[in-house]
Amino acid sequence: FLQTSPTAHQMEKQAAVALAVRALAVLGSRISGPEFTLITTTLAPHEAKLLSRHPDFSAVVVGWLAEAGVGIGNRVAVNLSGSFPALNIAVLAAIQAVGAEPVITSSVGASTWGATDPEFTWLDMERQLRESALWLWKSAAASPGGVGDRGGGLAPEGKVLAIAAIGRNEVPLMESADLAAGVKRRLELYRGSSGELPPVLV
């Protein structure tokens with residue numbers, strides 16, 4: 001049969017999958033926290049969390065970015081939560097593989113089996129991946145998450161733990177009056193100094 005060299009797009013997908021595999025290996029079993037903790041926000045099937053760890057999701061995101069015309073140097077707005085940390089990794093691996101630049105906002109709260117360990121939240125994972133030199137990005141700001149994006153539904157102790165995670169990871173705190181205000185703040189961060197929104201939100 002005729003064997004051809006991989007296209008640039010195929011190589012980006014391969015690079016994204018390889019990055020995702022490395023990131024998942026760095027975090028190991030800690031990528032999934034306990035079912036219920038003080039920062040658990042909602043219910044989610046354990047099977048969904050296990051499925052989300054498949055590194056091929058990063059190749060899917062590469063395909064979506066290509067369809068949106070995202071390439072080297074393009075800015076991408078990225079909104080992450082603690083609920084599916086493996087999918088967060090898939091997104092960041094894909095962005096790295098295509099050479100784009102993310103503007104990241106995050107929320108700490110997580111649904112069951114997500115990044116629910118108060119001592120190892122999504123922001124702690126983000127820092128560990130950065131220190132492992134997989135990529136250099138960090139969240140521009142983070143919220144407690146939960147109902148209204150301000151810790152709603154969490155016990156007071158849970159909100160304190162979420163805010164503590166934001167502080168120890170040296171990420172600016174987004175604590176908005178309501179969900180609409182939280183969305184407005186995110187859009188401001190995505191616009192940045194250019195005043196223009198990135199063409200893509202993931």
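**Salt bridges, aromatic contacts and enclosed spaces**

Asp124, Arg127, Glu131 and Arg168 are joined in a network of salt bridges. The model described here is a predicted one, and a search of the whole structure finds 7 salt bridges in it.

Two contacts of Asp124 can be described within this network. In one, the side chain of Asp124 meets that of Arg127, with an N to O distance of 3.4 Å. Asp124 and Arg127 are 3 residues apart in helix α5, so about one helical turn separates them. In the other, Asp124 pairs with Arg168, and here the closest N and O atoms are 2.8 Å apart. This second pair links distant parts of the chain, since Arg168 belongs to helix α6 (residues 156-168) and Asp124 to helix α5, with their positions 44 residues apart. Asp124 has a relative accessible area of 2% and is therefore buried, the limit being under 20%. Both arginines are partly exposed: the relative accessible area is 27% for Arg127 and 34% for Arg168.

A further salt bridge is formed by Asp117 and Arg30, whose closest N and O atoms lie 3.7 Å apart. This pair also links distant parts of the chain, the two residues being 87 residues apart. Asp117 is in the loop between β2 (101-107) and α5 (122-131), whereas Arg30 is in the loop between α1 (8-27) and α2 (46-51). With a relative accessibility of 24%, Asp117 counts as partly exposed. Arg30 falls in the partly exposed class as well, at 43%.

Arg30 also takes part in a contact with an aromatic ring. Its charged end sits over the ring of Phe120, at 3.9 Å from the ring centre. A contact of this kind is likewise found for Lys49, whose charged end sits over the ring of Phe84, 4.6 Å from the centre of that ring.

Contacts between aromatic rings were searched for in the whole structure, and 1 aromatic pair was found. The pair consists of Trp135 and Trp137, with ring centres 6.1 Å apart and planes at 10°; the angle is under 30 degrees, so the rings count as stacked. Both residues of the pair are buried, Trp135 with a relative accessible area of 2% and Trp137 at 13% relative accessibility.

The open and enclosed spaces of the model were examined next. The largest pocket holds about 250 Å³ of space. Its lining is made up of 16 residues, and those nearest the pocket centre are Asn79, Asp149, Val183, Arg186 and Tyr190. Two elements, β1 (75-81) and α7 (179-191), give two or more residues to this lining. The greatest contribution is that of α7, with 5 residues. Sorted by class, the pocket lining contains 9 nonpolar, 5 polar and 2 charged residues.

Besides the pocket, the search of the whole structure finds 2 cavities of 30 Å³ or more. The largest cavity has about 60 Å³ of space. Its lining consists of Ile31, Ser32, Lys49, Ser52, Arg53, Ser83, Phe84, Pro85, Ala86, Trp113 and Gly114. Lys49 and Phe84, described above as a charge and ring contact, are thus both among the residues that line this cavity. By class, the lining divides into 5 nonpolar, 4 polar and 2 charged residues.

The second largest cavity has a volume of about 30 Å³. It is lined by Ala20, Leu24, Ser52, Arg53, His54, Pro55, Phe57, Ser58, Ala86, Ile89 and Ala90. The elements giving two or more residues to this lining are α1, α3 (56-67) and α4 (85-98). Of these, α4 gives the most, with 3 residues. The lining of the second largest cavity has 7 nonpolar residues, 3 polar residues and 1 charged residue. Ser52, Arg53 and Ala86 appear in the linings of both cavities.

Technical notes: Residues numbered from 1 in each chain as written. Predicted model: local features only at pLDDT ≥ 70, side-chain atom pairs only at ≥ 80, totals over all residues. Heavy atoms only, no water. Phe/Tyr/Trp six-rings, centres within 6.5 Å; stacked < 30°, edge-to-face > 60°. Buried < 20%, exposed > 50% of the residue type's maximum accessible area, 1.4 Å probe, protein only. Lys NZ or Arg CZ within 6 Å of the ring centre and 35° of its normal. 1 Å grid on protein atoms, 1.4 Å probe; cavity = no way out; pocket = protein on both sides within 12 Å on 5 of 7 lines; lining within 4 Å. Points joined across faces, edges and corners; volume = space filled by probe spheres on them. Helix = DSSP H or I, 4+ residues; strand = E, 2+ residues; numbered from the N terminus. Nonpolar A, V, L, I, M, F, W, Y, C, P; charged D, E, K, R; others polar. Salt bridge = Lys/Arg side-chain N within 4 Å of Asp/Glu carboxyl O.
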